[in-house]
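Q: Got a minute to go through this one with me? I'd like to start with what holds the chains together, then move on to the sheet.

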Protein chains: 2
Amino acid sequence: MAQVRNKQVVLRKYVDGFPKESDMNIVESTTTLKLPEGSSDVLLKNLYLSCDPYMRILMTNDNITGFGAYTLGSPLIGNGVAQVLESGDQDYKKGDLVWGTTKWEEYSLVPSSQIRSKIEHADIPLSYYTGILGMPGMTAYVGFFELGSPKKGENVFVSAASGAVGQLVGQFAKLTGCYVVGSAGSKEKVDLLKNKLGFDEAFNYKEEPDLNATLKRCFPEGIDIYFENVGGKTLDAVLLNMRVHGRIPVCGMVSQYNLTQPEGVTNLANLIFKRVRMEGFIVGDFYHLYPKYLEFVLPHITEGKVVYVEDIAEGLENGPAAMVGLFSGRNVGKQVLLVAHE
Amino acid sequence: MAQVRNKQVVLRKYVDGFPKESDMNIVESTTTLKLPEGSSDVLLKNLYLSCDPYMRILMTNDNITGFGAYTLGSPLIGNGVAQVLESGDQDYKKGDLVWGTTKWEEYSLVPSSQIRSKIEHADIPLSYYTGILGMPGMTAYVGFFELGSPKKGENVFVSAASGAVGQLVGQFAKLTGCYVVGSAGSKEKVDLLKNKLGFDEAFNYKEEPDLNATLKRCFPEGIDIYFENVGGKTLDAVLLNMRVHGRIPVCGMVSQYNLTQPEGVTNLANLIFKRVRMEGFIVGDFYHLYPKYLEFVLPHITEGKVVYVEDIAEGLENGPAAMVGLFSGRNVGKQVLLVAHE
């Protein structure tokens, strides 16, 4: 049987501190494009891979998170868009486009249960299924609407606001009639927030010496919903500016994942003073809402009322740089890795 | 009209750090025991006053909490049990026993809206209306049942467990069929928790060099509900030991109120990993549930299934020491101040 090349991005060593490109390796293995006899798995040709901050957590081997860790020498695992080459599960057939959990390689054999959904709307960019129509989209939707319980006229603050999730939270907040401010790490991103993504206000946190004062200026009446993506100093300043009965959906704390000793948050007593609900969530607990989300978001996309900014790197060999770039804020918008065209 | 002495405990200066007795003064003013012409207020003879940690917050003048602050030279304001001497509100009459917000003095003229409830169950110690039947009781009830959403068999951890609120949370948890562990600051308190209050396990946090290890030992399967009274290091260790979908009702952070720079909490990312809901609350938002609470708790009290440990100081002149003692953990059980017998 013909062997084909199967380029992979594998974890070379467990990461300590900020990830480096050298923590990963590009490996050229080979594979046969044939489902093993009797297998109920699905053989995928990977088209787009999603670079997500949570993946950093799986690059550490202490498992205090309960999420486990990547296996050294094996390809990274993450979300992606793929085409079915062969299927042992009657729900999928050759040629189907799907998205779900796959591996950082050209071809992957995965259990069919790892497929989240078939892709039915081919008029929309396929890469969107790593973003607005995939895990980050659902994350924004669930965190903002289910945990945030927004009401028209409320004040919303989003950190990492131009990222895969944040840019959607801001747009969903505007659709709900909220006032929304975002923080990001460069002038380019701040411009994007204000001029393309419809945020009412935005600032570059790196240029604000006193985040508490900045938030007081942006929110003289306080914050009703803080969509938490970063943790640390930003959270601490936010806690001083929450409004009574505010909500903090905790989606991520990306500023902390690379620190051996995370920053201490000192203003938690404000949770009491302001009766604030702070709640961590994982999108995996909410995928039963995916059809409802598509119903909500697809018309907004086709009507141009919600846009999505992507930063697409090309080729598996650029995967490590794309992954590492997430933590220095190099990407502008959702970081995608193009593996192959359809 | 006859003037009578009205001894008061007044705030002498705003507090910085731990409160000291000298931050307060005993003042002998005088008053006439007569309602002003046309007043709709109520003239009270104070019997028991409640010493509560939240009062420390009102002794600081920065008002970052939004709760305001005590007025210098004026008596402290707090919960208490009193007898009505004269009433300008037809809902109350001379001789009624009531509890609500009063002042740290012998006689107080207060708006009738500050009365929380008439006391109808005089077979129960009057002082209980500063504790189990008053604000702390409602706090335990609301925090544990409304925010904690306990289920039979769940694992509950309570800090400041022998205090006014904690001792009730532990007993309510046992009534619900939970496994409950408490922490406190002395051997005497730990004995009380284990031998009188029915906790399954208890420890003296001052003798545990590694709180994370202690909690792992007490909760090998993790904590479902942490009833937060103290904040700081304890919270940080708890965050490492929460179970998936755990809840943290945040009642108080008494370990932090006296610190100029609160301790940093570093393990908040566990809110995400374990999908934990952490929610601050103030009992004042929940008093509509008071009748329901009485219905729940009164039978337990009369049947001896719930007990209540009080530490009663006698005389207004011992008020400052009682107040200060809350923050060194001197009191064993609910700290009450007896002002006068009925």
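Q: How many residue pairs are in polar contact between chain A and chain B?
A: Eight, counting pairs with both residues at pLDDT 80 or more. Keep in mind that this is a predicted model.

Q: Which elements of chain A each supply at least two residues of the side that touches chain B?
A: β12 (242-250), α6 (270-273) and β13 of chain A.

Q: And by class, what's on that side of chain A?
A: There are 19 nonpolar residues, eight polar and six charged.

Q: OK, salt bridges. How many does the rule find across the interface of chain A and chain B?
A: Two. One salt bridge across the interface joins the side chains of A:R275 and B:D285, at 2.9 Å from N to O.

Q: What area is buried between chain A and chain B?
A: About 2,700 Å², with carbon and sulfur atoms giving 67% of that. On the chain A side, the residues losing the most area to chain B are A:I272, A:F273 and A:R275, together 23% of what that side buries. So A:R275 turns up both in this group and in the salt bridge with B:D285.

Q: How many residues does the contact take from each chain?
A: 33 from chain A and 33 from chain B.

Q: Switching to the sheet. What's the strand order?
A: It's an open sheet of twelve strands with mixed pairing, in the order β10(A)-β9(A)-β8(A)-β11(A)-β12(A)-β13(A)-β13(B)-β12(B)-β11(B)-β8(B)-β9(B)-β10(B).

Q: Why is one side of each β10 left without a neighbour in the sheet?
A: Because β10 (201-204) of chain A and β10 (201-204) of chain B stand at the edges, each with a single partner strand. As for twist, the average is 15 degrees from one strand to the next.

Q: In which sense do the two β13 strands pair, parallel or antiparallel?
A: Antiparallel, over three bridges, with residues 277-280 of chain A against residues 277-280 of chain B. Within that pairing, A:M278 stands opposite B:M278, and A:E279 stands opposite B:R277.

Q: Last bit: which strands does α3 of chain B lie across?
A: Helix α3 (residues 166-175) lies across β8 (155-158), β9 (179-184) and β11 (223-227) of chain B, at about 170 degrees to β8(B).

Q: And α4 of chain B, which strands does that lie across?
A: β9 and β10 of chain B; helix α4 (residues 187-195) runs at about 175 degrees to β10(B).

How values were computed
Residues numbered from 1 in each chain as written. Chains lettered and ligands numbered in written order. Predicted model: local features only at pLDDT ≥ 70, side-chain atom pairs only at ≥ 80, totals over all residues. Heavy atoms only, no water. Pairing = 2+ DSSP bridges. Helix = DSSP H or I, 4+ residues; strand = E, 2+ residues; numbered from the N terminus. Axes fitted to C-alpha atoms, helices over the stretch in contact; angles between N-to-C directions. Contact = heavy atoms within 4.5 Å. Buried area = accessible area lost by both parts, 1.4 Å probe. Salt bridge = Lys/Arg side-chain N within 4 Å of Asp/Glu carboxyl O. Polar contact = N/O pair within 3.5 Å; in protein donor to acceptor, adjacent residues only side chain to side chain. Nonpolar A, V, L, I, M, F, W, Y, C, P; charged D, E, K, R; others polar.
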